[in-house]
There are 2 protein chains.
Amino acid sequence: MNRTAFFNLSYGVYLCTAWDEGRPVGCVANSAMQVTSDPATIAVSLNRVNHTHKCVADTGYFAVCVLGEKVDPKLIGTFGFRTSRETDKFEETPYSVRDRMPIPDGCICYFVCKVVDRMETSSHTVFLGEVQAAEVLRSDRPMTYAYYHKVLKGKTSVNAPTFVEEKKTESGARYVCKVCGYEYDGEIPFEDLPEDWVCPLCGMPKSEFEKIG
Amino acid sequence: MNRTAFFNLSYGVYLCTAWDEGRPVGCVANSAMQVTSDPATIAVSLNRVNHTHKCVADTGYFAVCVLGEKVDPKLIGTFGFRTSRETDKFEETPYSVRDRMPIPDGCICYFVCKVVDRMETSSHTVFLGEVQAAEVLRSDRPMTYAYYHKVLKGKTSVNAPTFVEEKKTESGARYVCKVCGYEYDGEIPFEDLPEDWVCPLCGMPKSEFEKIG
């Protein structure tokens, strides 16, 4: 099996949000798709280890929020590489409650979905949600997963369906953010970056970078 | 509900193929996504009215073939807007049998999947397939659904999850292919096109175009 074939599947970049006993929670999701048009339903795949998974299962509701190319990459760092069990992701994320769900201000549009079915797999649950509300908040080109990887140099959480373990290169040292997986590739040598430099993806300080390879 | 919000979900453009008692069949699918990475599974949503749906359900196997931007658009016309009940779509499509499944030559890569679960919705079945084989056949940028609409001016089959009825414009006459929905927008007036001109998307003759609006 050629694992690189999977890189040819196309996805968007979404935040899946939910309520945890009145507290807003959420995580990054790539695997989301419309399944029917009338009534409109959306399927989203969430890893069972994600706290958001538990909250969607418990409450029966989730929102899918579409991120655009102009989104602040920190939003992906916050929602994609930390857990709502330990972090209040919404503390540093401006949001409002729309159609009864927490919707981050930075997203293009959102879908509020009621869980009507679910399918279990080895690691993920595919939740099928009937769309109760859908609104557009701003005009921006939807970010694709390919754009995220190529332009933002973003990495993939080990909990994502699309995770593939990267092979280490044999060339010189590489510096990778331990929180979000962002790999530094600037022109200035990493060691020469100022001490207040932060990861452009998740905002973590230079000290959170690990030298590998 | 703002239905235009759905246009912000990102998809690829795929052919889903299967066997119909030894005869290769297939249809266009946009709603396909990886669900787990180990073992690798892919979920694909197929309308129950599609003949390919019946064949996947009967045989328990399907292949997802990724189309690239350089693909011959006729492939989309053939597989997206006709039915395998009445047409042998593979008659005019060069293909080979790989890992026991019919794989059109024009695709970038393919995944051969064994159905391990299914979820029923009002109109579509979400088939969960465990990937048995995955190979890359050529290097080309995977076509996104957005590219298909913007660059190829492609339309959506009424059987697709992503179908939204279009509103007619109030401007002058428009010429739309009755087979694939392609709307002519060339600089030469449609009436002045030569009689042997064919639809660039599905290859139907000029006589299959309908004047609307």
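This report covers the sheet, the salt bridges and the chain contact of a predicted model.

## The seven-stranded sheet

Chain A holds an open sheet of seven strands, ordered β2-β1-β5-β8-β9-β4-β3. Its pairing is antiparallel. The edges are β2 (23-29) and β3 (32-37) of chain A, and each of them pairs on one side only. Neighbouring strands are turned against each other by 35 degrees on average, direction ignored.

Start with β5(A). This strand is mostly covered, with five of its six residues buried. Four bridges tie β5(A) to β1(A), and the two run antiparallel. Within that pairing, C16(A) stands opposite V64(A) in β5(A). Six bridges join β5(A) to β8(A), again antiparallel. Here C65(A) stands opposite Y110(A) in β8(A).

Next comes the pairing of β8(A) with β9(A). Strand β8 (residues 109-120) of chain A pairs with β9(A) over 11 bridges, in the antiparallel sense. M119(A) has V126(A) as its bridge partner in β9(A).

A helix covers part of this sheet's strands by contact: α1(A) packs on the sheet and touches β1 (14-20), β2, β4 (40-47), β5, β8 and β9 of chain A. The direction of α1(A) makes about 60 degrees with that of β1(A).

## The β10-β11 pair

In a regular strand, side chains alternate between the two faces of the sheet. Strand β10 (residues 174-177) of chain A follows that pattern: R174(A) and V176(A) point one way, Y175(A) and C177(A) the other. All four are buried. Strand β11 (residues 209-212) of chain A is joined to β10(A) by four bridges, and the two run antiparallel. R174(A) finds its bridge partner in β11(A) at I212(A).

## Salt bridges

Side chains of opposite charge can pair when their charged atoms come close. Over all chains, a search of the whole structure finds 14 salt bridges. Three of them are listed here.

| Salt bridge | Closest N and O atoms |
|---|---|
| D58(A) with K54(A) | 2.6 Å |
| E69(A) with R141(A) | 3.4 Å |
| K206(B) with E195(B) | 3.4 Å |

What separates D58(A) and K54(A) along helix α1 of chain A? They lie four residues apart in α1 (residues 51-59), so about one helical turn separates them. D58(A) counts as exposed because its relative accessibility is 56%. K54(A), at 46% relative accessibility, counts as partly exposed.

E69(A) forms its salt bridge with R141(A). That pair links distant parts of the chain, 72 residues apart. E69(A) sits in the loop between β5 (61-66) and α2 (74-80) of chain A, while R141(A) sits in the loop between β9 (124-136) and α3 (145-150) of chain A. E69(A) has 21% relative accessibility, so it counts as partly exposed.

In chain B, K206(B) forms a salt bridge with E195(B). Both residues lie in the loop between β10 (174-177) and β11 (209-212) of chain B, 11 residues apart. Their accessibilities fall in opposite classes. K206(B) counts as buried, at 8% relative accessibility. E195(B) counts as exposed, at 65%.

Salt bridges that share partners also build a network, which joins R48(A), R118(A) and E120(A).

## Two chains, one axis

Two copies of a chain are related by a rotation about an axis and a shift along it. Here, a turn of 180 degrees and a shift of 0.0 Å along the axis lay chain B on chain A, with an RMSD of 0.1 Å. That is the relation of a two-fold axis. In chain B, Y11(B) has the C-alpha nearest the axis, 2.8 Å from it. The same surface serves both copies, since 100% of the contact residues of chain B recur in chain A.

Each chain enters the contact with 53 residues. About 4300 Å² is buried between chain B and chain A. Carbon and sulfur atoms give 64% of that area. Which three residues supply more than any other three of the area that chain B buries against chain A? They are M33(B), Q34(B) and M119(B), which supply 16% of it. How many salt bridges are counted between chain B and chain A? The count is zero.

Note on methods:
Residues are numbered from 1 along each chain as its sequence is written. Chains are lettered from A and ligands numbered from 1 in the order in which they are written. This is a predicted model: local features need pLDDT of at least 70, side-chain atom pairs count only at pLDDT 80 or more; totals for chains, interfaces and linings use all residues. Side-chain values use heavy atoms; hydrogens and water are left out. Buried means under 20% relative accessible area, exposed over 50%, partly exposed in between (1.4 Å probe, protein chains only). Two strands pair if DSSP finds at least two bridges between them. A salt bridge is a side-chain nitrogen of Lys or Arg within 4 Å of a carboxyl oxygen of Asp or Glu. Copies are superposed by least squares on the C-alpha atoms of residues with pLDDT of at least 70 in both. Contact means heavy atoms within 4.5 Å. Axes are lines fitted to C-alpha atoms, for helices over the stretch in contact, and angles run from 0 to 180 degrees between N-to-C directions. Buried area is the accessible area (1.4 Å probe) that two parts lose on being put together, summed over both.
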